[in-house]
Structure formats: structure tokens, C-alpha cells
Number of protein chains: 2
Amino acid sequence: MLCYYISDINPAGPANASVILGAKRMTTTQTMSTSDPLTHDHDQCIARALDEAERLCAQRGVRLTPLRRRVLEEIWQHHEVVKAYDLIHRLSTEDHTVKPPTVYRALEFLLEQGLIHRIESQNGYIGCSHPALAHQCQLLICRGCGQVEELDDPALSEALQREAESHGFRVDQQIVEVRGLCPHCVPAGEEAPAR
Amino acid sequence: MLCYYISDINPAGPANASVILGAKRMTTTQTMSTSDPLTHDHDQCIARALDEAERLCAQRGVRLTPLRRRVLEEIWQHHEVVKAYDLIHRLSTEDHTVKPPTVYRALEFLLEQGLIHRIESQNGYIGCSHPALAHQCQLLICRGCGQVEELDDPALSEALQREAESHGFRVDQQIVEVRGLCPHCVPAGEEAPAR
DNA sequence: ATCAGAAATGTAATAACATAACATTTCGAT
DNA sequence: ATCGAAATGTTATGTTATTACATTTCTGAT
Ligand SMILES: [Zn+2]
Ligand SMILES: [Zn+2]
Ligand SMILES: [Zn+2]
Ligand SMILES: [Zn+2]
């Protein structure tokens, strides 16, 4: 499977179509990267995320059960926000309907282990790009294509932490989400206001 | 009405009880401030917020109808997160049940006019402290008492904006919410991890 | 290998949050 | 007074999440 940056949420115009057709599967060894979503090999992206999850859970002595692994795999199918009820539908078959608590419990586990992030402004979830270490991240959420890029800028999170502390506040968690248009959707969205 | 910083969400121990009893109504002229929630005159806080809303809506040629004003007034009853269904219940009487769309439409108007902020991580709302000018804010949300402090640090919002732009991202809106313990709830919560 | 407790999953019901669609009322300008 | 737009009322339904309890699976001790 290839990861298309321009999703069908935002039907691309002719200008973008050629870009999409230009996407190609890369077979050389490379690092996982969400910064070049048009060209990266997303099969490898998924495989790497699952391997890393297996490794971390083994290391931590927690169980990445088949169900939890399956939910994580579904979340990693693309770089867009995934909703809990999407997962319920995707995991259900004619034989067997998955019920909400099943999915919510798996999500709870994955959140606890830092394998996914919850996107508060969308009631959705996304795979974490750097699950080995706990971190505060900044999420860039494109309203055009729905893709999410995870930033992990310590300078930003530290600045916010300091600001909160300067008001006597003890920080548990930061929620930093930016809504807007990603580089590939800016042309299709609105042009820059300045002229 | 006085604004108690320690709410009944987090039953205060004896150490805090005296602090609560120490809260007093201030009658001197003062600026609205959420930075000293124990001592500020919250009646004046509400009145000022409503006056400001009247003024801004008149200036902008939009209508702060009785319903919208009433919803804003309820949101300003304290400095804690208010939920939409709280408002529905508070506005309903034995004679008349307020339906969800009524409240959600009022909230939509108040959000558009920048008179309230939505707190994404809580599905809740809070009165805006500086509604005259559009701004990106940072919200400090206490898990102890539920109170919310609004920060408006341009250095922070500009830093986040620059970071997003450096990734080619066009920013529409920033969502910055910090969960933790406010100065008055830190003692009652957990002690500092360092020793 | 067997058993007991803990962890995980299954299931039913319901709570909590939000919107769509359409009817009626109110407002403000002519 | 009349008309169109804006606001509100009403019904129904869609979406997200949790509670409570039953059953199954796993793990470690015997
Ligand atoms: Zn990918
Ligand atoms: Zn992450
Ligand atoms: Zn106040
Ligand atoms: Zn504000």
C-alpha cells in the first residue's frame, strides 16, 4: 500500500493529480518518515511501527495482544485521524460485531503505552512516530487532506511548560494541536491573504 | 457571589478550609482578574464580562439576544469549564425544557464572536477574558478544582506559528491546553516529584 | 498437569455530546 | 402593514464514550 498525501477527503484538482501519480513505492532501506508522505513506503511505515510496538511492549513487560496489535495496525493504515467507531466498523465482520468497549479498551492501552496519540479536537487517534520515549508533541492537522504530522519540538514544549510554571501551575500534559492546511493542500485551499 | 478557587469537585482538606473562609468580597474598584480567584469580586467579574459583550456586539452590529446573553451569563458563573448539557439543564425550568440545538446555536454565536473559548479536551466552554481582539490563547486547566486560567502569551503562539510554518503548514487555529494542578491544588494533589 | 487469581475480552445497556431538518416566531427595514 | 432575514422551537437522529457484569484466557504457584 502506498501512502497518498492527498486523500479523497479533499478531491485534488488536475494540478495535484500528477503529483499523486508521481508517488512511487520505495524499496531501498530508509528511515521511517512522515515528512515526505508522498514518496515514503507506507507498508514499511506500518511494519516498522508494529515491530517497534512489539519490541517496546516486550521490554516493558506488557502484553500487545492480537486485538491491541490489530487496532494499532488499523490506526497505522494511513497518516490520517482515525475515529473509534471507524475502528469498530473495520474490525467487525458479518460473523462478529466488535462492541465499543473492546475498541476503547485497546485504545486506552495504546495511549498508556504511548503508542498512539489522541487528537482532542477531532475525537480521534493517530499512531505515534516516536513511541520509545514519553514526550509532549505538537500535532499539525490538515483540514484539506486530514493528514496529521507529529512534531516534537522540545523548545516549544519547554517554553509552554515554563510559562505554565511561572503561573504556579504543575503540568501533567500538554495538548497542542494546530489546525490548518499542509503544504500540499495550501494551493487547493485558499491563497495567502497577503498580496 | 464569591468566586471560590477551591471548588467542591476537590474536597479541600483542613489546611485549605481556612483559606476558603478567608475569601472575601472586595468592593473597591479593580480590574477584572482571574489571577487571584480567591479574592476577586466575581459579581463584578460577571458584570464586566456581560457589559463588554454588549459593547462589542453593538459595535459589531450583531445581536446579543436575551438567550445568547443568558448562556454567556451562565458560562461566567464561575471560572470552571461549563458543558453544553449543564447549560441545557440550568436554562430549563419545569415549564420549559431547553433543547440541545438552542444551546449549541448560542454557543456557536458566542464562539464566533470570540466571547467564549471551547475547551477541546473537555468538550466544554469558558468565558474569554479578552474578547475585544481575536487571539490565540493557552488554557491552564486544573484537574483538582476544575478552574481554567486563560493565558495569552504572544511569544508562545508566535513560536508555534513559526514552527508550523517552517513545515510548510498554513495555520488556521491553535489549540493549546495544559492539564495539571493550579497553585492552590498542588498541595492537595501530589507533592513535587523531585526531593 | 492442576488450580486459583489476575488480566483481558465479550455483551448489554445507557450516558454524554452534537447535528440535521423543518416549523414557527421575532426582528428590522421599507 | 408587509416582507424577507434572522433567530428560536421542535423532533428526530447521529456520534462518541462509559458502566456494569459475564466469560474467557493467561500466568504463576503448587
Ligand atoms: Zn506512512
Ligand atoms: Zn508521539
Ligand atoms: Zn471571577
Ligand atoms: Zn480569550
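How far does a polar side-chain atom of A:Arg68 lie from a phosphate oxygen of DNA strand C? The distance in this predicted model is 3.3 Å, and the contacts that follow are polar contacts in the same sense, that is, pairs of N or O atoms within 3.5 Å.

| DNA atom | Side chain | Distance |
|---|---|---|
| phosphate oxygen, strand C | A:Thr65 | 2.6 Å |
| base nitrogen, strand C | B:Tyr85 | 2.8 Å |
| base nitrogen, strand D | A:Tyr85 | 2.8 Å |
| phosphate oxygen, strand D | A:Tyr104 | 3.0 Å |
| phosphate oxygen, strand D | A:Arg118 | 2.8 Å |

Around DNA strand C there are 18 residues, of which A:Thr65, A:Arg105, B:Lys83, B:Tyr85 and B:Arg118 come nearest, a residue being near when one of its heavy atoms lies within 4 Å. Sugar and phosphate make up 51% of the atoms of DNA strand C that come within 4 Å of the protein.

DNA strand D is likewise surrounded by 18 residues, with A:Lys83, A:Tyr85, A:Arg118, B:Thr65 and B:Arg105 the closest, and 53% of its atoms within 4 Å of the protein belong to sugar or phosphate, the rest belonging to bases. The surface near DNA strand D comprises seven nonpolar, four polar and seven charged residues, where Ala, Val, Leu, Ile, Met, Phe, Trp, Tyr, Cys and Pro count as nonpolar, Asp, Glu, Lys and Arg as charged, and the others, Gly among them, as polar.

Residues are numbered from 1 along each chain as its sequence is written, while chains are lettered from A and ligands numbered from 1 in the order in which they are written. Local features need pLDDT of at least 70 and side-chain atom pairs count only at pLDDT 80 or more, whereas totals for chains, interfaces and linings use all residues, and side-chain values use heavy atoms, with hydrogens and water left out.

Key:
Polar contact = N/O pair within 3.5 Å; in protein donor to acceptor, adjacent residues only side chain to side chain.
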